[in-house]
Amino acid sequence: MENSEGVKIESTVVTEEPLISALDIALFVVIITVAYFWYFKRDKQSSSSEKKPYIIQPSSLSSIEQTSNSSFIKKLKSTGRSLVVFYGSQTGTAEEFAGRIAKEGARYKMKGMVADPEECDMADLVEMKEIQKSLAIFCIATYGEGDPTDNAMDFYEWLQNGDADLEGLNYAVFGLGNKTYEHYNEIAIYIDQRLEELGATRVHEIGLGDDDANIEDDFVSWKEKLWESVCSHYGIEETGEESNIRQYKLVDCSEVLPERIFSGEISRLKSYENQRFPFDVKNPYLSKIAVNRELHKSGDRSCMHIEFDIDGSKMRYDTGDHVAVYPKNSSELVDKIGELLNADLDAVFSLLNTDEESSKKHPFPCPCTYRTALTYYLDITSNPRTHIMKELIEYASDPKDQEKLKLMASSTPEGKKEFHEWILRDNRNIVHILEDLPSVKPDLDHLCELLPRLQCRYYSISLSPKVYPKSIHITAVLVNYTTPTNRVNKGVATNLLAQLIPTNDELPQPTIPIYIRRSQFRLPPKSQTPIIMIGPGTGLAPFRGFIQERDYARKEGREIGEMVLYFGCRKKDEDFIYENELQEYVANGTLTKLHLAFSRDQPEKKYVTHLLEQNADELWNIIGEKSGHLYVCGDARSMAKDVHSIIVKVVMEKGQMTNSQALNYVKKMEQQKRYSADVWS
């Protein structure tokens, strides 16, 4: 990687008598050097002076700030706090839960703060015992196949490799997971047990939230019992004071210069105008859409093949990785919020944290307009959680609307039932709530504080970089569905992508921010290793890359192992995606076998799981006798679970094992990365 501050010096050797003496050259170099540094220093000071009134503190800390502010113990002591809530979050939910716990601490005379373990020296946990009646709470999500979130990785490794004495540390853990995944809440469970092993005291039993059911309900139920345990453990009582205190204060930024206002950037101001490598979650690459074509041949559904141009970006990826796409909300929904609240969406504002010690100065990049916040930074299409219902109560002028919100915000059986039916079952977002409860008119800045951050969407990369090093392909189904209230909800990312159609070369091509997320979903190191790929629907995406990579190796003259693909869709003539490509790979020998299941082309539905059961001998031959690899991509809720059950059954029958032995065999396959899953719910 080239150093941007490096200077390349070239010298030329000549044989003739030089016109300038060595002394002259040395003197000239000294003068130029002094002039350069004098100008650079003056320019830097001038630039700093000019920018000072308009500096925007990003959500993340700089490396210098992280070093100086990494001691959360010092912050707790200097501000008289006794409660710290750490979060391990990939999508923002764990961070949101952490904030709610810290906020409620005031009701129990425990002033709290939220902390990102990535920005803290977690070894300071040993000093928590020095703070009277202190408590550390961990809201930890399990990500992927039993992995810690990116920001909790260092803490997780510290616990694994360290042997700190945590006696005197009081703690509690809430995990965020999904039961459709095999490694349900694995990271939270490990942290809870490991802290106890290191001598810490568990104040309340671990809570396990299931995002496949109602994680909000799980969290609220656990939180209520947590505070009961806290009161019992410390001998304190609830003050009874409500905790509806604003975390951020509104700042009028109407006088801020236009060039100092964020317009959708994730972290760095003007980052889309001045792109800088490396590109990551806080610094995405603005990629051109090179290709956007329909894959379905007919029918009322749509599946898009989209190609992102990454030429010149220096971004690298491996087959099996994911690409993250930053979406934006539809202007129709954004305008509707402005209309319902009679708000000026083009007013420039900022939200500043009332906690001066917090490392998170703003909930999203500020200053910006309300239109920008609602378009790029806030999630306005998901189902709001119960704490938002509670905060909206004060803005309802109609007693009936107030009572409805109070009921849904409560933890009573009736309240939970109403919230489940009216919000979750009927699939209402914040726009629908404001429409159906017309007397509810929250301040727009408060609403912006309450709504969660809009998250990027991840897609399996459906190609091999060896074949297309300057491009990234994805395969995405357009999401549109009708809710029980007869509203049409649209997928935020896929509906945006559907509009980004490349034009001719004379016009600017549509762009979208992206970055690459590494995956453990990898081909075997040896090209000769046989593999089985199971990917119905868009689960085919990463396997398109696998096949391309093996085909590339074959064309280079290398030996490749058997490749068996199980693919399924509804109808062969409608949604058999990449049909011609797959048939070509079969014809040239790269794809050894292609097993197809078209569920609705015959009276009885036929799925890939039926084909797997029929081909037990082939399965065992590859995963048992030849020590091959097996991959599953697609729906976690039913398909992936059914595949796992079938594999265990095949191992039992063909490997002549007991159920326990077969389960251990499959478990060992997973540990050896011979059984890999890239699934979603």
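This is a short chat about a sheet, a helix and a loop residue in a predicted model.

Student: What kind of model is this, predicted or not?
Tutor: The model is predicted.

Student: OK, the sheet. How many strands form it, and in what order?
Tutor: Six strands form an open sheet, and the order is β14-β11-β18-β9-β10-β15. The pairing is antiparallel.

Student: Which ones are the edge strands?
Tutor: β14, residues 457-460, and β15, residues 471-477. Each of these pairs on one side only.

Student: And the twist, what does that average?
Tutor: From one strand to the next, the twist averages 40°.

Student: Take β9 then. How many bridges does β9 have with β18?
Tutor: Four bridges, in the antiparallel sense. β9 covers residues 285-294 and β18 covers residues 511-517.

Student: What stands opposite Lys288 there?
Tutor: Thr511 in β18 stands opposite Lys288.

Student: How many bridges join β9 to β10?
Tutor: Six bridges, and the two strands run antiparallel. As for a particular pair, Ile289 has Phe308 in β10 as its bridge partner.

Student: Staying with β10, how many of its residues are buried?
Tutor: Six of the seven residues of β10 (303-309) are buried, so the strand is mostly covered.

Student: How many bridges do β10 and β15 have?
Tutor: Seven, again in the antiparallel sense. Met304 stands opposite Ala476 in β15.

Student: Switching to helices. Which residues of α12 are buried?
Tutor: α12 spans residues 413-425, and its buried residues are Gly415, Glu418, Phe419, Trp422 and Ile423.

Student: What covers them?
Tutor: The cover for the buried residues of α12 includes three helices: α10 (386-392), α11 (399-409) and α13 (430-436).

Student: What about Asn427, is its phi positive or negative?
Tutor: Asn427, which follows α12, has a positive phi, near 55°.

Student: Last topic, Ser263. Where does Ser263 lie?
Tutor: Ser263 lies in the loop between β8 (248-252) and β9.

Student: Why does Ser263 count as partly exposed?
Tutor: Because its relative accessibility is 44%. Partly exposed is the range between buried, under 20%, and exposed, over 50%.

Student: What does Ser263 touch, leaving out residues up to four places away in sequence?
Tutor: Thr372, Tyr376 and Tyr377.

Student: And how far apart are Ser263 and Arg371, in sequence and in space?
Tutor: Ser263 and Arg371 are 108 residues apart in sequence, and 9.2 Å apart in space from C-alpha to C-alpha.

Conventions. Residues are numbered from 1 along each chain as its sequence is written. This is a predicted model: local features need pLDDT of at least 70, side-chain atom pairs count only at pLDDT 80 or more; totals for chains, interfaces and linings use all residues. Side-chain values use heavy atoms; hydrogens and water are left out. Two strands pair if DSSP finds at least two bridges between them. Axes are lines fitted to C-alpha atoms, for helices over the stretch in contact, and angles run from 0 to 180 degrees between N-to-C directions. Buried means under 20% relative accessible area, exposed over 50%, partly exposed in between (1.4 Å probe, protein chains only). Contact means heavy atoms within 4.5 Å.
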